[in-house]
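Work through the exercises below with the model open beside you. Try each task before you read its solution.

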Protein chains: 2
Amino acid sequence: MTRHDAKPREIEFWFDFGSNYSYLAAQRIEALATGAGLAVAWRAFLLGPIFREFGWDTSPFVLQKEKGAYMWRDMERQCAKYGLPWRRPSVFPRLALLPARVVSAHPRAPWLGAFCRAVTRQNFALDQDINAVEQVRAALVEAGVEAEAVLAAAASDATKAMLRALTAEARARGIFGAPTFFARGEMFWGNDRLEDAIACATALPSPAS
Amino acid sequence: MTRHDAKPREIEFWFDFGSNYSYLAAQRIEALATGAGLAVAWRAFLLGPIFREFGWDTSPFVLQKEKGAYMWRDMERQCAKYGLPWRRPSVFPRLALLPARVVSAHPRAPWLGAFCRAVTRQNFALDQDINAVEQVRAALVEAGVEAEAVLAAAASDATKAMLRALTAEARARGIFGAPTFFARGEMFWGNDRLEDAIACATALPSPAS
């Protein structure tokens, strides 16, 4: 058995809090991963800089109106299928710098799942401004976290640099949209591939015990 | 019960023979539809004119290299998942005017499923030129059809006009990619939505008997 096999099993979840299909994955991933014996590595990055490198100044769902019109209907149906609440946001895509910085500053915190579910629900079920301090604070409180210390850490220069580095890493690894998952070095794009990514991650030999 | 409810249940399958995700759907749809008591309405159209209206001169998988690189790996995995043969075509996207005209000329033929499976397999498992008469003839023979009469009908001006009208209809109905399904007036995009489209179509009340 190689040293690689002895690493804890995990699935990397790369997402943008402003991405609608990331909402579906953020709500679903922890329960699926836990059921499969996997840890989730939460990687909140910014799609905006990646889209700008493609020459786009906003989401392709805005730039391509046919695909955008379809996506809104698809989201209604997907949320109904998964039993998730849904309200079309009045602003799309929403900037989500502050909640992404919170994740960058606490990449292994046990409350990340609850926090990310709260923020994406604010955006796609409650139509709230997820980049506002008061909303991020409310999501932290909902996740059972002492909010002020986390907000202070999120505002540090070190955290800002971490988020920039994470977004550069996303670009370097070939990420072109969100959500994107990595399992055993394989990249999977889109909420529709979450189950495939989990299956890939769990196909690893058991860690040495 | 309205007159609409008395129509035979069906799922419309809009695809381009050159589209890789259409290959997956073309191989899968008839068995799934038949199992659900649905007829398949085969609608082979051309994506090229639609992409050109978006300002693209070829497939987005060619224009956006990150997404293209991902797609080829995704196809390998998807074909493995579905148990379908796979070989990356040496030409992509392949022009597929002639097989699309065959479908336009015979929109209700019982051999369409076998023919469409044969042509998409030529493209994505055998790396053959699906726009060549000899390949289309071979696909017709494989589908048990008297090939020469069908090829003659495919070359008629009426057939060419039908395919142009079909592609215009695709545009008018908001189709922006392939495969696309319609069920009960709902549009579903992508092979990943085939099961959802079938479920939607079968949610119809039973036809009056």
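**Ground rules.** This is a predicted model, in which local features need pLDDT of at least 70, side-chain atom pairs count only at pLDDT 80 or more, and totals for chains, interfaces and linings use all residues. Residues are numbered from 1 along each chain as its sequence is written, chains are lettered from A and ligands numbered from 1 in the order in which they are written, and side-chain values use heavy atoms, leaving out hydrogens and water.

**Exercise 1.** Decide whether F54(A) is buried or exposed.

*Solution.* Start with the cut-offs: buried is under 20% relative accessible area, exposed is over 50%, and partly exposed lies in between (1.4 Å probe, protein chains only). F54(A) has 17% relative accessibility, so this residue counts as buried. Now take W56(A): at 22%, this residue counts as partly exposed.

**Exercise 2.** Classify the ring pair W72(A) and F92(A), then place both residues in the chain.

*Solution.* Step one is the rule. Rings of Phe, Tyr and Trp (its six-membered ring) pair if their centres lie within 6.5 Å; planes under 30 degrees apart are stacked, over 60 edge-to-face, and the rest tilted. Step two is the geometry. The centres of W72(A) and F92(A) are 4.9 Å apart and the planes stand at 80 degrees, so the pair is edge-to-face. Step three is the location. W72(A) sits in helix 4 (residues 65–82) of chain A, while F92(A) is in the loop between helix 4 and helix 5 (97–105) of chain A; the two are 20 residues apart, and the pair links distant parts of the chain. Helices here are DSSP runs (H or I, at least four residues), as are strands (E, at least two), numbered from the N terminus. Both W72(A) and F92(A) are buried.

**Exercise 3.** How much area do chain A and chain B bury between them?

*Solution.* Buried area is the accessible area (1.4 Å probe) that two parts lose on being put together, summed over both. Chain A and chain B bury about 2100 Å², with 45% of it on carbon and sulfur atoms. On the chain A side, E66(A), Y70(A) and R193(A) lose the most area to chain B, together 28% of what that side buries.

**Exercise 4.** How many salt bridges cross the interface of chain A and chain B?

*Solution.* Look for a side-chain nitrogen of Lys or Arg within 4 Å of a carboxyl oxygen of Asp or Glu. The rule finds 12 across this interface. R73(A) and E186(B) form a salt bridge at 2.7 Å, N to O.
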